[in-house]
Each structure stands twice: as structure tokens, then as C-alpha cells.
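Welcome! Take a moment to look over the sequence and the 3D view, then work through the exercises below at your own pace.

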Amino acid sequence: MSEEKKHSSAPPKEGATEGKPDAPTFEQVSSCVHCGICLESCPTYKELRVEMDSPRGRIYLMKGILQERLAPTETVLAHLDQCLDCRACETACPSGVPYSQILEKTRQVLEPQRPHGLIVRLLRWFLFRKLLPNRGVQAFVFKLLWMQQALGLAALGRRLGRAGLLPGKLGALAAQAPAIPFRSFRQATKDAWHPKMGVRFFPARGEAKRRVALFTGCLADQLFAGVNEATVRVLTENGCEVEVLTTESCCGALHIHNGERDAAKELARANVAAFAARPVDAILTNAAGCSAELRHYGELLDHDPAAEAFGRKIRDITEFLVEIAWTPPGGVLSGKVAYDEPCHLLHAQKISAPPKAVLQAIPGIECVPLDDADACCGSAGLYSVTQPELSKKVLARKIDAIRRSGADTVVTGNPGCIMQIRYGLKEAGLPVKVFHPVELLAESYSRNETAQKAEGS
Ligand code: SF4
Ligand code: SF4
């Protein structure tokens with residue numbers, strides 16, 4: 001059955017989406033000139049070879065929906081849902097089509113029309129309205145997850161999930177379940193609380209030159225305590241006093257990618273107000289998915305001046321180090337290291353050189369090239385759970401490239417990518433470690449300190 005509505009022959013209507021808050025503009029959906037240059041950069045098109053699973057095809061579908069020429073049928077929604085929102089097409093596009101904005105705003109417009117069942121509605125409500133915005137709920141849930149991991153239930157779930165013995169998305173979720181640390185970064189650093197300042201405070205090692213805030217993230221704070229600790233170590237080594245705010249909220253990235261833009265705005269307003277109250281030179285993140293959203297709060301909040309000012313302070317940790325003419329670490333490490341470019345660092349923020357520069361400054365490691373380092377790993381927020389089959393196919397290309405590189409370590413700057421690549425390597429039986437760049441930097445600083453102490457004793 002054709003997806004076109006009866007009145008499909010009508011000319012495009014410029015104002016069809018007017019009145020729908022946050023819908024893409026006519027100019028945005030019309031900016032694609034159908035040249036097709038982006039197609040071979042699209043991971044889903046490369047896998048499926050279907051025009052409607054390419055950026056050009058999806059823009060055609062979204063324009064049709066927004067102009068009310070196409071109905072958002074199950075088939076049409078499936079093509080849109082299979083998009084990773086990786087933004088590789090934006091980098092490839094010579095016409096500057098703002099693909100991600102078109103997709104995310106269309107998802108917001110479509111969300112109320114989706115025929116979710118009760119369970120999906122409950123899960124979405126819990127994830128977007130209860131878990132992500134609330135650190136207390138996160139602490140409770142992750143403690144439960146740690147306990148079931150300690151009892152061996154997570155390992156059992158992984159085995160059942162891999163064997164296909166759990167239903168639907170639950171199987172994908174169980175199979176990919178990452179290791180849960182006993183304590184989050186915030187739980188591990190309660191002693192750093194500074195009652196006068198009302199923040200956790202980490203003094204600079206040596207002369208203090210700058211004051212910065214670390215945006216710890218919410219799920220990243222729970223799952224990647226070590227990465228946040230390493231980030232603090234690297235910053236304090238480089239003359240930074242580091243603040244961690246209790247009032248920091250979730251960045252809203254998962255909300256935006258999943259049609260919950262209004263909830264994301266609430267979180268953005270809370271973050272803008274919280275950080276505006278602190279006298280910091282920069283707000284740093286080690287999660288590309290977070291910084292990509294935080295940097296664009298101005299656009300999200302209709303160019304509110306405070307949100308624009310907040311966005312100007314956002315820096316990825318490696319970008320910041322290069323900007324302040326950092327002091328590279330002196331401790332010698334070893335191994336062949338391949339760098340994987342997180343989509344939301346490369347395509348959403350155009351940051352590519354700084355992570356490579358900081359890695360190359362570490363003594364002893366050999367940086368080896370990774371084929372298609374700029375290609376998505378298939379993680380993409382909730383994508384590996386909502387689209388497990390396609391996610392695995394995209395991941396398989398990444399794992400093959402890592403195998404060919406001969407690396408014994410892969411480094412990437414986004415928690416979701418770290419989890420996804422670890423999962424893929426484990427499934428493939430490849431003994432390759434996966435780290436965030438700051439973890440190697442912190443290790444090198446620590447080794448240098450240990451060597452200096454040994455020399456002095
Ligand atoms: S965002 Fe990624 S998956 Fe989606 S159309 Fe663009 S390149 Fe393809
Ligand atoms: S999104 Fe850009 S590159 Fe892709 S078909 Fe449209 S104009 Fe061409």
C-alpha cells in the first residue's frame with residue numbers, strides 16, 4: 001500500500017507544520033538538494049542499500065510527513081527509527097543540511113502519534129521522567145543492579161540474552177549489560193565536599209591557574225566513575241581547580257534523540273541556572289554525547305542569552321587541554337593504540353585533532369591507524385537496545401577494523417561507544433582493551449609520579 005495520502009499530488013505546503021512547537025522549518029526540510037553525496041557515509045544505507053534508509057530518503061519522508069503529504073505509517077516510522085542520529089551525513093553534506101535538527105524535531109512532532117503499548121509508555125516515563133532527571137533514583141537503581149550482578153544474575157542474563165532465550169528487547173539489554181561499579185564517582189568523592197562553596201572541590205596540584213567545573217553526567221557518573229576520576233586527575237595536574245556541582249542535571253541528550261524535547265528543555269534550564277551561579281572559566285565533559293547537547297543549549301532554548309553563554313563554556317576534556325597548552329604526562333606506557341572517533345565528538349562538534357594530539361603525547365605508546373575510525377559503532381544512545389540487529393551489523397564493521405589495525409587498545413571519548421565496542425570485542429573473542437583517552441593520560445601521570453618518588457627515596 002502506498003504511504004502517500006490521497007492528497008499527495010498537492011504542492012508542498014510551506015506552513016503545514018506551523019503551530020507545532022519545535023517542528024523543523026520549511027527551509028530546513030527543503031535544504032536537501034538530493035545530490036546523494038551523503039549516502040555512502042550513512043551506516044544504515046551501507047548495510048541495507050535502501051533509499052529510505054539513507055539521509056536523502058529519510059529527509060524525503062520527514063518532509064512528506066511534516067507537509068502532511070505522507071502518513072507516519074509503521075513502515076515510514078521504521079525507516080526513521082533505523083537512523084542512528086550519528087550525523088555522519090551532516091559532515092558529508094556540501095549543502096549544510098541540518099539533518100540532526102530535522103530528525104530530532106520530527107521525532108518530537110511524531111511522538112504523540114506513536115501507538116506505544118502500556119509497557120513502552122511506562123518504560124519511557126520511568127527512563128525520561130524519573131531515572132535520568134533524578135540522582136537519588138539512579139543511585140537506588142544502580143545499587144540494585146550492582147547487587148544482582150554480585151549475585152551472578154547479570155552474568156546469567158547475559159548468557160540467556162546471547163542465546164536468544166529472553167524475549168525481544170530484554171534479550172538485547174541483558175546481553176549487552178555492562179559491568180556496574182560498586183560506587184559512582186559522586187559516591188566515591190563525598191570527602192571532596194566543600195561546605196563553604198557548596199560543591200565538591202578538587203584543588204590544583206601545584207599553582208592554581210584556572211577554575212573549571214566538571215560535568216559528570218548521570219549514567220556516566222554511575223557507570224564510568226573511573227573516567228571521571230581520571231578527568232579530575234588530569235585537570236588538577238594541569239593547574240585546574242575542579243568543581244563538581246550537586247545541582248547538575250542530566251544533559252537531556254537521550255530525551256532529545258527520543259522525541260522528549262520538552263523534558264530536555266526543563267533539564268537544560270536547570271543546568272544553565274546551576275552553572276551560571278559558579279565562577280568557572282569552563283565547563284568540561286568527557287562524554288561526547290553530553291557535550292554535543294550542552295554546547296547547543298542556546299539553540300534548544302530559543303537563543304536565550306544565558307543558555308548561549310553556558311554553551312560557549314562547554315569543552316570536551318581533550319579540546320580543553322590543547323587549548324590551555326597543557327603539560328603532557330611523562331610516565332611511560334606501552335602498546336598499540338587505535339583511536340575511534342565518537343560521532344558526537346566528530347560530526348556534532350567537529351573535534352578530531354585534540355584527542356589524537358593528547359594520545360600522541362603519551363610516551364611509549366604506538367598510535368596505529370584505524371580504518372573508518374569516523375564510522376559509527378552502532379551504540380547511538382538507546383539504539384543498541386531498540387534496534388539490536390542493525391546495531392550489531394554496524395558494530396561488526398568496527399570490530400573488523402579493530403582486528404585489522406593490530407591494536408591491543410582502543411581509545412574513544414564517549415561512554416556509550418566504550419560500552420558498545422567492549423561488548424563487540426568480547427563477543428568476537430578479541431583481547432583488546434577499551435579506554436577513554438583521559439584514563440591513559442591519568443595512568444601516565446601516575447606512573448611518572450611513582451617513578452619520581454622512587455628516584456627521590
Ligand atoms: S544520522 Fe547517521 S544513520 Fe541517520 S541518516 Fe545520517 S548518516 Fe545515516
Ligand atoms: S543531505 Fe546533503 S548530501 Fe545528502 S542528498 Fe541532501 S543535499 Fe545531498
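**Exercise 1: Residues in loops**

Arg 87 is located in the loop that joins helix 4 (74–81) to helix 5; helices (H or I, at least four residues) and strands (E, at least two) are DSSP runs, numbered from the N terminus. Before going on, note that this is a predicted model, where local features need pLDDT of at least 70, side-chain atom pairs count only at pLDDT 80 or more, and totals for chains, interfaces and linings use all residues. Residues are numbered from 1 along each chain as its sequence is written, while chains are lettered from A and ligands numbered from 1 in the order in which they are written.

Task: Decide whether Arg 87 is buried or exposed, and do the same for Asp 302.

Solution.
- Step 1. Recall the cut-offs: a residue is buried if 20 or more other C-beta atoms lie within 10 Å of its own, exposed if 12 or fewer, and partly exposed in between, with C-beta atoms placed from the backbone.
- Step 2. Arg 87 has 23 C-beta neighbours inside 10 Å, so it counts as buried.
- Step 3. Asp 302 sits in the loop between helix 17 (297–300) and helix 18. Its 9 C-beta neighbours inside 10 Å make Asp 302 exposed.
- Step 4. Now check the backbone. Arg 87 shows a positive phi of about 70° although it is not a glycine, and Asp 302, also a residue other than glycine, has a positive phi near 55°.

**Exercise 2: Around the two ligands**

Task: Find which residues come nearest to ligand 1 and which come nearest to ligand 2.

Solution.
- Step 1. A residue is near a molecule if its C-beta atom, placed from the backbone, lies within 6 Å of it.
- Step 2. For ligand 1, there are 14 such residues, and Cys 42, Pro 55, Cys 83, Cys 86 and Cys 89 come nearest. At least two residues of this shell come from each of helix 2 (43–48), helix 3 and helix 5.
- Step 3. For ligand 2, 14 residues are around it, with Cys 32, Cys 35, Cys 38, Arg 56 and Cys 93 coming nearest. Helix 3 (55–66) and helix 5 (88–92) are the elements that give two or more residues to that shell.
- Step 4. Sort by class: Ala, Val, Leu, Ile, Met, Phe, Trp, Tyr, Cys and Pro count as nonpolar, Asp, Glu, Lys and Arg as charged, and the others, Gly among them, as polar. The shell around ligand 1 has 9 nonpolar, 2 polar and 3 charged residues; around ligand 2 the numbers are 10 nonpolar, 3 polar and 1 charged.

**Exercise 3: Two helices that meet**

Task: Work out how helix 15 and helix 18 are oriented to each other.

Solution.
- Step 1. Axes are lines fitted to C-alpha atoms, for helices over the stretch in contact, and angles run from 0 to 180 degrees between N-to-C directions.
- Step 2. The axes of helix 15 (residues 261–276) and helix 18 (residues 305–313) come within 10 Å, crossing at roughly 70°.
- Step 3. Angles under 35 degrees count as roughly parallel, over 145 as roughly antiparallel, 65 to 115 as roughly perpendicular and the rest as oblique. Helix 15 and helix 18 are therefore roughly perpendicular.
- Step 4. Helix 15 makes the contact through Ala 268, Val 272, Phe 275 and Ala 276, and helix 18 through Ala 306, Ala 307 and Phe 310; two residues are in contact if their C-beta atoms, placed from the backbone, lie within 7 Å. By class, this contact has 7 nonpolar, no polar and no charged residues.

**Exercise 4: Three buried residues**

Task: Say where Ser 54, Glu 90 and Arg 315 lie, and what they touch beyond four places in sequence.

Solution.
- Step 1. Ser 54 lies in the loop between helix 2 and helix 3. With 24 other C-beta atoms within 10 Å, Ser 54 is buried, and it touches Leu 39, Cys 42 and Tyr 45.
- Step 2. Glu 90 belongs to helix 5 and is buried, with 20 other C-beta atoms within 10 Å. Its contacts are Tyr 99, Ser 100 and His 347.
- Step 3. Arg 315 is part of strand 6 (residues 314–316) and counts as buried, with 25 C-beta neighbours inside 10 Å. Arg 315 touches Ala 282, Leu 284 and Phe 320.
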